[in-house]
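Here's a walk through one structure, from its packed interior out to its surface. Keep the 3D view open as you read.

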Amino acid sequence: MEFEEIKEEIISILDTEEQNFIFLTGAAGTGKSTLLEHVKNQVDKKKMVVAPTGIAALNIGGTTINSAFRIGFDT
């Protein structure tokens, strides 16, 4: 699939009245952040964008998973 096809498929999934979740994964340098920015700009809904690490969260303009769901670091 090409970038535009994937983007349009994600937008169509999110463009419903239902609550939806998208798990975006891939190797480094494959365009995940770029795809996410395009989708965020085209979907006019409340959204929570999370990433596993602080650097990844900064790159996508979101927060870490732990911060978003208030998961502490206690054992």
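What follows covers the cores, one helix face, the salt bridges and a stretch near the chain's end. Keep in mind that this is a predicted model.

**Inside**

Let's begin with the largest nonpolar core, a set of six residues: Ile10, Ile11, Leu14, Leu35, Val39 and Val43. Helices H1 and H2 each put in at least two of its residues, and H1 is the top contributor with three. If you click on Ile10 and skip its neighbours within four places in sequence, you'll find it in contact with Ile22, Leu35 and Val39. A separate core of five residues sits apart from this one, and its members include Leu36, Val49, Ala57 and Ile60. As a general point, nonpolar side chains in soluble globular proteins tend to be buried together.

**One face of H2**

Which residues of H2 are buried? They are Leu35, Leu36, Val39 and Lys40. Look down the axis of H2 and these buried residues fall within an arc of 130°, so they line one face of the helix. As for partners, the buried residues of H2 pack against H1 and against helix H3, which covers residues 54-60. Leu35 and Val39 turn up again here, having already appeared in the six-residue core, while Leu36 belongs to the other core.

**Salt bridges**

How many salt bridges does the model have? The count is two, and here they are:

| Pair | Closest N to O distance |
|---|---|
| Lys7 and Glu4 | 3.2 Å |
| Lys40 and Glu37 | 3.4 Å |

Take Lys7 and Glu4 to begin with. They're three residues apart in helix H1 (residues 3-14), which puts about one helical turn between them. Is Lys7 buried or exposed? It counts as buried, because its relative accessibility is 5%, and the cut-off for buried is under 20%. Its partner Glu4, at 43% relative accessibility, counts as partly exposed. Lys7 also reaches beyond its own helix stretch: leaving aside neighbours within four places in sequence, it is in contact with Leu35, His38, Val39 and Gln42. Of those, Leu35 and Val39 are among the buried residues of H2.

Now the other pair. Lys40 and Glu37 both sit in helix H2 (residues 32-42), again three residues apart, or about one turn of the helix. Lys40 is one of the buried residues of H2, whereas Glu37 counts as partly exposed at 31% relative accessibility.

**Out on the surface**

Over on the surface, Met48, Ile65, Phe69 and Ile71 form a nonpolar patch, and together they have about 390 Å² of accessible area. One of its members, Ile71, lies in the segment after helix H4 (65-68). Ile71 counts as partly exposed, because its relative accessible area of 43% falls between the 20% and 50% cut-offs.

Arg70 is found in that segment after H4 too. What is its phi near? The phi of Arg70 is near 50°, a positive value in a residue other than glycine. For context, most residues other than glycine have a negative phi. Arg70 counts as exposed, because its relative accessibility is 78% and the cut-off for exposed is over 50%.

How values were computed: Residues numbered from 1 in each chain as written. Predicted model: local features only at pLDDT ≥ 70, side-chain atom pairs only at ≥ 80, totals over all residues. Heavy atoms only, no water. Patch = residues over 30% accessible without salt bridge, like charges linked within 9 Å, V, L, I, M, F, W, Y side chains within 5 Å. Areas by Shrake-Rupley, 256 points an atom, 1.4 Å probe, with all protein chains shown as cover. Salt bridge = Lys/Arg side-chain N within 4 Å of Asp/Glu carboxyl O. Helix = DSSP H or I, 4+ residues; strand = E, 2+ residues; numbered from the N terminus. Buried < 20%, exposed > 50% of the residue type's maximum accessible area, 1.4 Å probe, protein only. Core = buried A, V, L, I, M, F, W, Y, C linked by side-chain atoms within 4.5 Å. Contact = heavy atoms within 4.5 Å. Arc of directions from axis to C-beta.
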